[in-house]
Amino acid sequence: MFRVGSLLPVEGVPPGSTLLIVGPPMTGKRTLAMELLAAGFDDEAAAVVSTDSSAAEIRTAIAQYAESPADQLPLGVVDCVGDSHGPESLGPLDSRVSSPADLTGIGMELTTLMERLYGEYSSRLRVGLLSLTTMSMYAAPEQVVRFLHVVTNRIREADGIGFVVAHADTMEEAHLQRLRSFVDGVVEVREHDDEMQLRVLGLPEGNTEWTSRKTDQRSRAEPPSAAVGREATADSEPAAADAGGSTTTVAPVDGSLREIFDAVRADAPTLTVTNYSGPPEELAVVERYFDRHGVEVREASMDVAEPKSVALLHRGDDLLASESVPALRGAIDIDAGTTDTFEKRHTSDLLTNLERSVYGASAADKGLLIDVSHNVELLANRTGSGRLHAGFQRLSNLVDDAQAARIYERLASSGVEVHVYGTPDTEATVPGVTVHEEDTEEMAESWFVVYDGDGDPERQSALLAHELDTDNVYDGFWTYKSDIVTRIDDYLTATYLDGATVGGRSD
């Protein structure tokens, strides 16, 4: 049995098991997972997939829970947040995948890491996936389910233990049930009377009752390790993050949120598929993947017979990369092939050249945008400083959502300067939060969450979307690109913050 100490109300967890840790945002799920990963270093090793923090930050946080120096732990991290942190943020067991969307690449790196830990350090492995919700922002739900299925099989074969974190509030019940079917137990987390509670379902010894686990507000995110992670990369220059390694940046725009949105979208590359002769479902997989990256997919016929079914990634007349559509689909689609393992899977030069810092959300529903919003909010909460803007379209969207109000009150109390905006269709007061009543068309149509990272380019993030004519359908993008985040923050600050009183109201 794997030991869990007092972290869970069970005696232990059988080898080969994976636990899904689910609950609302900012209730301590991520902290619990890292504490569980840190609980076995006496005779075990740990592998972590991080989709929202650098390898350096993950190693530092887990080392604090383990009360051991990070460089002395048999701990490796598959870092999926991109290249902006620089190679010096990687430890000797760490590796990097360019995006949470590259599920095949993540699986390959995780497999390699598990085999190395098993061969060189310990036959007892703990595996963490932080988090499945972030993956769902970048890949289709069926791809995420398939990925989880393959990973849980790997954990079972290794007689290890896995901990997978996901938000339950935005996930469709059918999708959540599919995820539950591939794990061996579920840890449900909630907040009750201002304390964290949890219960464990599905393990052989039976379901547990709700159990209180006292924790202060700060520890619901993680230890204050952000400064350590930044120090490790302080000498690195922010990476240019345009597609194909281009250093082109969007020229400053001062007119409106819509103008910023249009300028960012206009700078996106295009994928042109020439002389396509394959099955429609193969091309559909490619189209869905690139839609998540804000990349338009076009078909074109050429007068010559060759090449057939080739995808060309380009910005205007500038060709960035090319690849056959079958090869591209094989790299994207985790269902491609006949094996449940990641060995010898195809990696794609075109995907490597695809810009990874601006992601699209065309005709997106509210569920996706809520997940993206939570991702920005959690980044701000873990940092505990800086400024965050959030546009709710109508202030009633904040007031009528008790969970959203709780999140923003918690953000403000963590040390983040929080500004919320919307048309004044109701009275809105959240402790510590500056409420901006803005009866404008821009605010009525715009959904945004923008975090300035407290001046650190590696911690900046933004979502910007506008509602289409169809109710609850949006066109937007999210980004970690510093110059775009700064432009949106500068625009909102200059346009709406003059004369505002922090923690009060701005009418």
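Me: How many salt bridges does the count come to?
Reply: The structure is a predicted model, where local features need pLDDT of at least 70, side-chain atom pairs count only at pLDDT 80 or more, and totals for chains, interfaces and linings use all residues. Residues are numbered from 1 along each chain as its sequence is written, and side-chain values use heavy atoms, with hydrogens and water left out. A salt bridge is a side-chain nitrogen of Lys or Arg within 4 Å of a carboxyl oxygen of Asp or Glu. By this rule, the number of salt bridges is 20.

Me: In which helix do Arg116 and Glu120 both lie?
Reply: The side chains of Arg116 and Glu120 form a salt bridge, 3.4 Å from N to O. An α-helix has 3.6 residues a turn, so residues three or four places apart point the same way. Arg116 and Glu120 are four residues apart, about one turn (helices, H or I with at least four residues, and strands, E with at least two, are DSSP runs numbered from the N terminus), and both lie in helix α3 (residues 103-120).

Me: Is Glu188 buried or exposed?
Reply: Glu188 and Arg199 meet through their side chains in a salt bridge of 2.7 Å, N to O. Glu188 belongs to strand β7 (residues 185-192) and Arg199 to strand β8 (residues 195-201), so the pair ties together parts 11 residues apart in sequence. Buried means under 20% relative accessible area, exposed over 50%, and partly exposed in between (1.4 Å probe, protein chains only). Arg199, at 26%, is partly exposed, while Glu188 has a relative accessible area of 14% and is therefore buried.

Me: How many residues apart in sequence are the parts that Glu191 and Arg406 tie together?
Reply: The side chains of Glu191 and Arg406 meet in a salt bridge at 3.7 Å, N to O. Glu191 is partly exposed at 23% relative accessible area, and Arg406 counts as buried at 19%. Glu191 lies in strand β7 and Arg406 in helix α14, so the parts tied together are apart in sequence by 215 residues.

Me: How many aromatic pairs does a search of the whole structure find?
Reply: Rings of Phe, Tyr and Trp (its six-membered ring) pair if their centres lie within 6.5 Å; planes under 30 degrees apart count as stacked, over 60 as edge-to-face and the rest as tilted. Tyr289 and Phe290 form one edge-to-face pair, with 5.5 Å between centres and 70° between planes. The search of the whole structure finds aromatic pairs numbering seven.

Me: What is the pair of Phe392 and Tyr408: stacked or edge-to-face?
Reply: Phe392 is in strand β15 (residues 387-394) and Tyr408 in helix α14 (residues 402-413), 16 residues apart. Phe392 is buried at 14% relative accessibility, and Tyr408 is buried at 2%. The ring centres of Phe392 and Tyr408 are 5.4 Å apart and their planes stand at 70°, so the pair is edge-to-face.

Me: Which residue just after α12 takes a positive phi?
Reply: Helix α12 (residues 366-383) has 18 residues and reaches 26 Å from its first C-alpha to its last, close to the 26 Å expected (1.5 Å times one less than its number of residues). Of the 18 residues in α12, 15 are buried. Just after α12, a positive phi of about 75° is taken by Gly384.
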